[in-house]
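Hello,

Here is the structure I promised to hand over. Please open it first, then read my notes below.

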Amino acid sequence: MAAYNERVMDHFRNPRNVGVIEDANGVGEVGNAKCGDIMKMYLKIENDVLTDVKFSTFGCGAAVATSSMATELIKGKSINDALKLTNKAVVEALEGLPPVKIHCSVLAEQAVKTAVADYYTRRGLTPPPEAIVEESDEEEFIANDE
Ligand code: FES
C-alpha cells in the first residue's frame, strides 16, 4: 500500500469542505477512466469570486485529500485564480503524494475547471479555454509529474 504523509492523512481523515451547495451556480463532475472514481465539485460564485466551495467523491484516500486541499486553495479566490490551480500545486500543498497516486490529484483540478465551465454555460456564456478539460489532459498531467 502507498505510504501517505501526515498532511495527506489529515485531509483524508478530516476533509475540508465536504458536502453539497444546494444553490451552487457551478457544478462539475468528473471521473477517472482508469480507476472508476468520481468527483463532484460545487461552486457558489458571486461577483467573480468563489465565495463557497464544496465537494463529494466516490474516490480513494488521495482523491479525498487532494479535493479537500483544492477547495481550500480556491475558496475566496477569483475565477481567474481558481483556473490557475494545477494538480501539481495541490500535490505540493499536500507536501507530496506517492507517485502512483498523482493521477488522483488530476481529478480535483478537472472537477474545479468543469464546475467553472458550468458556471459560464448556465449564464449562456462560452467558458474560457482554461476551463475546458480535454480527455487527453489526464495523460499530460501524469506525464508532467513523472
Ligand atoms: Fe482513483 Fe485515486 S485511485 S482517484
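**Strands and their partners**

In S2, Lys40 is the bridge partner of Glu29. Keep in mind throughout that this is a predicted model. That bridge belongs to the pairing of S1 with S2, which is antiparallel and runs over six bridges. The two strands make a hairpin, with six residues between them. Look at Gly36 in the turn: its phi is positive, about 85°.

Now go on to the next pair. Strand S2 covers residues 38-46, and it pairs with S3 in the antiparallel sense over nine bridges. Two of the pairs are worth finding on screen. Ile38 stands opposite Phe58 in S3. Glu46 stands opposite Val49 in S3. S2 and S3 also form a hairpin, with two residues between the strands. Here Asn47 takes a positive phi, near 50°.

**The sheet as a whole**

How are the three strands ordered? The order is S1-S2-S3, in an open sheet with antiparallel pairing. Strand S1 (26-31) and strand S3 (49-58) are at the edges. Each has a single partner strand, so one side of each has no neighbour in the sheet. From one strand to the next, the twist averages 15°.

As general background, strands of a sheet pair through backbone hydrogen bonds, either parallel or antiparallel.

**Helices on the sheet**

Two helices to look at here are H2 and H5. Helix H2, residues 61-74, packs on the sheet and touches S2 and S3. The direction of H2 makes about 175° with that of S3. Helix H5, residues 102-122, lies across S1, S2 and S3. H5 runs at about 140° to S1.

**H1 against H2**

H2 also meets another helix. The axes of helix H1 (residues 6-13) and H2 come within 8 Å, and they cross at roughly 90°. An angle of 65 to 115 degrees counts as roughly perpendicular, so H1 and H2 are roughly perpendicular to each other.

Which residues of H1 and H2 meet? From H1 come Val8, His11 and Phe12. From H2 come Gly61, Val64, Ala65, Ser68 and Met69. The residues of this contact divide into five nonpolar, three polar and no charged.

**The whole chain**

Step back now. The protein chain has six helices and three strands. Along the sequence the pattern reads α-β-β-β-α-α-α-α-α. The radius of gyration is 14 Å, close to the 15 Å that the globule rule gives for 146 residues, so the chain is as compact as a globular protein of that length. Along its principal axes, the C-alpha trace spans about 45 × 30 × 25 Å.

Two more values complete the handover. Buried residues make up 39% of the 146 residues. Among contacts with a separation of 6 or more, 61% join residues 24 or more positions apart.

Best wishes

Terms used
Residues numbered from 1 in each chain as written. Predicted model: local features only at pLDDT ≥ 70, side-chain atom pairs only at ≥ 80, totals over all residues. Pairing = 2+ DSSP bridges. Helix = DSSP H or I, 4+ residues; strand = E, 2+ residues; numbered from the N terminus. Axes fitted to C-alpha atoms, helices over the stretch in contact; angles between N-to-C directions. Contact = placed C-beta atoms within 7 Å. Rg over C-alpha atoms; globule rule 2.2 N^0.38 Å. Buried ≥ 20, exposed ≤ 12 C-beta atoms within 10 Å, placed from the backbone. Parallel < 35°, antiparallel > 145°, perpendicular 65-115°, else oblique. Nonpolar A, V, L, I, M, F, W, Y, C, P; charged D, E, K, R; others polar.
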